[in-house]
Amino acid sequence: MQLINNNPALVTMRGFFYVIILNTYTMEMKLTMNRNISLYEAIGGAETLRRIVESFYPKVQAHELLGPLFPENIIPVMEKQIMFLTQFFGGPTLFSDEYGHPMMRARHMPFPITPKHAEAWLDCMKRALQEASGLDEELQAYIIERLSGPANHFVNTPE
Ligand code: HEM
């Protein structure tokens, strides 16, 4: 420690390191402080989620790579997505109550999903969050981070 304290460059580097760690944990801390608020609650619950999903699917349908994978009548897909994201973000278990275990990767297996599809899906979601969520940028970025895991996990086909 003495070695670090005597070297201004190392002290600065240690400062940067602390800032990175702090930023990473700040969002989790904000959500869990006091009353263990879920991400679902933090975004404003059902109303916000519906706005996001209703902005998301027209973008998916218009996307040259994603659009052809989806049925013309997108309403049932939207309703399922609202139910799934409700529980994925820590709200009531609407999807499982209606359809059983999510097994989301398995449900995506009939469709060839490449890394480019995952990237496009996340980009549509990013734009939907910007346009329709009314959430601050930090929370939007956190949602995308939370969805990146599943999106990449559903990739089942190489480029
Ligand atoms: C990685 C890119 C993705 C692609 C290309 C994709 C594509 C699809 C397609 C084609 C369907 C079926 C639509 C139908 O005919 O009913 C579907 C269903 C669904 N997707 Fe995705 N998806 C992706 C990522 C995700 C992610 C990240 C989530 C949630 C975290 C998600 C949640 C769902 C849900 C809840 C359904 C309805 C499942 C059901 O029918 O029971 N998808 N997706």
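**Exercise 1. Work out how H4 and H5 are arranged.**

Let's start with the axes: those of H4 and H5 come within 10 Å and cross at roughly 135 degrees. Axes here are lines fitted to C-alpha atoms, for helices over the stretch in contact, and angles run from 0 to 180 degrees between N-to-C directions. Helices are DSSP runs (H or I, at least four residues), numbered from the N terminus.

Next, classify the angle. H4 is therefore oblique to H5; angles under 35 degrees count as roughly parallel, over 145 as roughly antiparallel, 65 to 115 as roughly perpendicular and the rest as oblique.

Then find the contact (C-beta atoms, placed from the backbone, within 7 Å). H4 supplies Leu49, Arg50, Val53, Glu54 and Tyr57, while H5 supplies Val77, Met78, Gln81, Ile82, Leu85 and Thr86. By class, the contact of H4 with H5 has seven nonpolar, two polar and two charged residues. Ala, Val, Leu, Ile, Met, Phe, Trp, Tyr, Cys and Pro count as nonpolar, Asp, Glu, Lys and Arg as charged, and the others, Gly among them, as polar.

A word on the model: it is predicted, with local features needing pLDDT of at least 70 and side-chain atom pairs pLDDT 80 or more, while totals for chains, interfaces and linings use all residues. Residues are numbered from 1 along each chain as its sequence is written.

**Exercise 2. Do the same for H4 and H8.**

The axes of H4 (residues 45-62) and H8 come within 8 Å and cross at roughly 130 degrees. That angle makes H4 oblique to H8.

Now look at the residues. Among those in the contact are Thr48, Arg51 and Ile52 of H4, and Cys124, Met125 and Arg127 of H8. The contact of H4 with H8 divides into eight nonpolar, three polar and four charged residues.

**Exercise 3. Describe the shell around the ligand.**

Begin with the count: 22 residues surround the ligand, the closest being Leu69, Phe84, Ala118, Trp121 and Ala151. A residue is near the ligand if its C-beta atom, placed from the backbone, lies within 6 Å of it.

Then sort by element. Two or more residues each come from H5 (75-88), H7 (104-108), H8 (115-133) and H9 (137-153). H5 gives the most, with five residues. Finally, the shell has 17 nonpolar, three polar and two charged residues.

**Exercise 4. Is Pro150 of H9 buried or partly exposed?**

First, locate Pro150 in helix H9. Pro150 is partly exposed because 16 other C-beta atoms lie within 10 Å; 20 or more would make a residue buried, and 12 or fewer exposed, with C-beta atoms placed from the backbone. Lastly, Pro150 and Met104 are 46 residues apart in sequence and 8.4 Å apart in space, C-alpha to C-alpha.

Methods. Contact = placed C-beta atoms within 7 Å.
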